[in-house]
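User: Could you take a close look at the place where the two chains meet, and walk me through what holds that part together? I'd like one connected story rather than a list.

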2 protein chains.
Amino acid sequence: MTTPAGTSEYERILSDNRRIAASLERSDLPATPRRKLAVLACMDARVSVEEMLGLERGDAHVLRNAGGLASDDAIRSLVVSQHLLGTAEVLVIGHTGCGMLAFRDEDVRRDLSGRTGADVDLPLGAFSDLEANIRSQVDRITTHPWIRDVPVHGLIYETDTGRLREVV
Amino acid sequence: MTTPAGTSEYERILSDNRRIAASLERSDLPATPRRKLAVLACMDARVSVEEMLGLERGDAHVLRNAGGLASDDAIRSLVVSQHLLGTAEVLVIGHTGCGMLAFRDEDVRRDLSGRTGADVDLPLGAFSDLEANIRSQVDRITTHPWIRDVPVHGLIYETDTGRLREVV
């Protein structure tokens, strides 16, 4: 269902945004990121990319999905980021306690197929080794023919301390 | 190339993170988002999801890609978000001045194929109508067999004022 009578969470969101926007300075920042940086990270609720890196509005592209994977969609976004909006450096950031370490694809997919009656070809991207996964994602980016020859760094964010640890 | 001698931007990032982490309170937030919310938005550098919605660490999953598209990868992330981490509401947020409105897929793909010599099957997801695009992304989410029957809202973020406008 789309937009039902209005959930209380949604009403809170709209109200919070009105308050926040009212105290925001009007901005005419350009679309091109000031620091020429693109960051690929996990969607995890404890991972605030802007906060951990001290990014200001306009500084960097931020790409996020479950696990911070260099999926086709992330590659698509990086291609747009580099070729149309001029970014020239990539950070790939995984994190401790990632939910993608906590299940096996085949178990969840079997359960979803059974419960919904729809056997969808949708790998969920679970992985079992955080560091190895980051190396794989960095490799996927650096070897893609449409990705520029720019620095691509892989790091782990420690959700309990807020610190970044270098992987590759 | 991965991790060259160390770019100055990268050194600044590591140094900023050390400073930020030092002043952060240690946290043991759970992986499940406190507000049971998942937000899909554009990677644009002017779009800070946490800031515009007043989200705190631990509140919501944040998914971002070029255009805020409900790609297979975004659907994958939402399936993980809903079925493994308990979110029960979705916001899809486009924004004014989106870079995806400023080019045509076929032009850029032809250019990239020519320049790199690699003819990759990678649609870039450009669109020409911001509101129609948001409606399409919301539809794609609500009709997917593995997405739960939860509220899915579509909005436009005005990058100059910081305000959200409801679309669907």
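**The interface between chain A and chain B**

Analyst: Let's start with how the copies sit. Chain A lands on chain B after a rotation of 180° with 0.0 Å of shift along the axis, and the RMSD is 0.0 Å. The two copies are thus related as by a two-fold rotation axis. In chain A, R64(A) has the C-alpha nearest that axis, at 2.4 Å. Both copies use the same surface, since 100% of the contact residues of chain A recur in chain B. Keep in mind that this is a predicted model.

Now for the contact itself. Chain A puts in 94 residues and chain B puts in 94 residues. Between them the two chains bury about 8400 Å², with 59% of that on carbon and sulfur atoms. If you want residues to click on, go for M43(A), R76(A) and W146(A): they supply 10% of the area that chain A buries against chain B, more than any other three residues.

There is plenty of polar business across the interface too. The count of residue pairs in polar contact between chain A and chain B is 47. On the chain A side, the elements that each supply at least two of the touching residues include α1 (8-22), α3 (72-83), α4 (105-116) and β2 (60-65). Helix α1(A) gives the most to that side, with 10 residues.

As for charges, 8 salt bridges run between chain A and chain B. One to look at is E51(A) with R57(B), whose side chains meet at 3.8 Å, N to O. Over all chains, the count comes to 36 salt bridges.

Next, β2, which we met on the chain A side; here is how it looks in chain B. Strand β2 (residues 60-65) of chain B is mostly covered, with 6 of its 6 residues buried. A60(B), V62(B) and R64(B) point one way from the strand, while H61(B), L63(B) and N65(B) point the other way, and all are buried. Its neighbour is β1 (residues 37-42) of chain B: the two strands run parallel and 6 bridges join them. Within that pairing, V39(B) has V62(B) as its bridge partner.

Just ahead of β1 there's a backbone quirk. Most residues other than glycine have a negative phi. K36(A), though not a glycine, has a positive phi of about 50°. K36(A) sits in the loop between α1 and β1 (37-42) of chain A, and K36(A) is partly exposed, with a relative accessible area of 48%. In the other copy, K36(B) has a phi near 50°, again a positive value in a residue other than glycine. K36(B) is in the loop between α1 (8-22) and β1 of chain B, and its relative accessible area of 48% makes K36(B) partly exposed.

It helps to see what kind of chain is behind this contact. Chain A has 5 helices and 5 strands, which follow the pattern α-β-α-β-α-β-α-α-β-β along the sequence. The C-alpha trace of chain A spans about 50 × 50 × 35 Å along its principal axes. Of the 168 residues in chain A, 60% are buried. Among contacts in chain A with a separation of 6 or more, 66% come from residues 24 or more positions apart.

Some salt bridges lie within a single chain. In chain A, the side chains of D107(A) and R104(A) meet at 3.1 Å, N to O, and D107(A) is partly exposed at 32% relative accessibility. In chain B, R140(B) and D72(B) form a salt bridge at 2.8 Å, N to O. That pair links distant parts of the chain, with R140(B) in helix α5 and D72(B) in helix α3, 68 residues apart. R140(B) is partly exposed, with a relative accessible area of 34%, and D72(B) is partly exposed at 47%.

R109(B) and D121(B) make another one, with their closest N and O atoms 3.6 Å apart. R109(B) lies in helix α4 and D121(B) in the loop between α4 and α5 of chain B, so the pair ties together parts 12 residues apart in sequence. R109(B) is partly exposed at 22% relative accessibility, whereas D121(B) is exposed at 68%. Finally, back to both chains: salt bridges that share partners join E9(A), R34(B), R35(B) and D59(B) into one network.

Technical notes. Residues are numbered from 1 along each chain as its sequence is written. Chains are lettered from A and ligands numbered from 1 in the order in which they are written. This is a predicted model: local features need pLDDT of at least 70, side-chain atom pairs count only at pLDDT 80 or more; totals for chains, interfaces and linings use all residues. Side-chain values use heavy atoms; hydrogens and water are left out. Copies are superposed by least squares on the C-alpha atoms of residues with pLDDT of at least 70 in both. Contact means heavy atoms within 4.5 Å. Buried means under 20% relative accessible area, exposed over 50%, partly exposed in between (1.4 Å probe, protein chains only). Helices (H or I, at least four residues) and strands (E, at least two) are DSSP runs, numbered from the N terminus. Two strands pair if DSSP finds at least two bridges between them. Buried area is the accessible area (1.4 Å probe) that two parts lose on being put together, summed over both. A salt bridge is a side-chain nitrogen of Lys or Arg within 4 Å of a carboxyl oxygen of Asp or Glu. A polar contact is a pair of N or O atoms within 3.5 Å; within protein, one must be able to donate a hydrogen and the other to accept it, and residues adjacent in sequence count only if both atoms are side-chain atoms.
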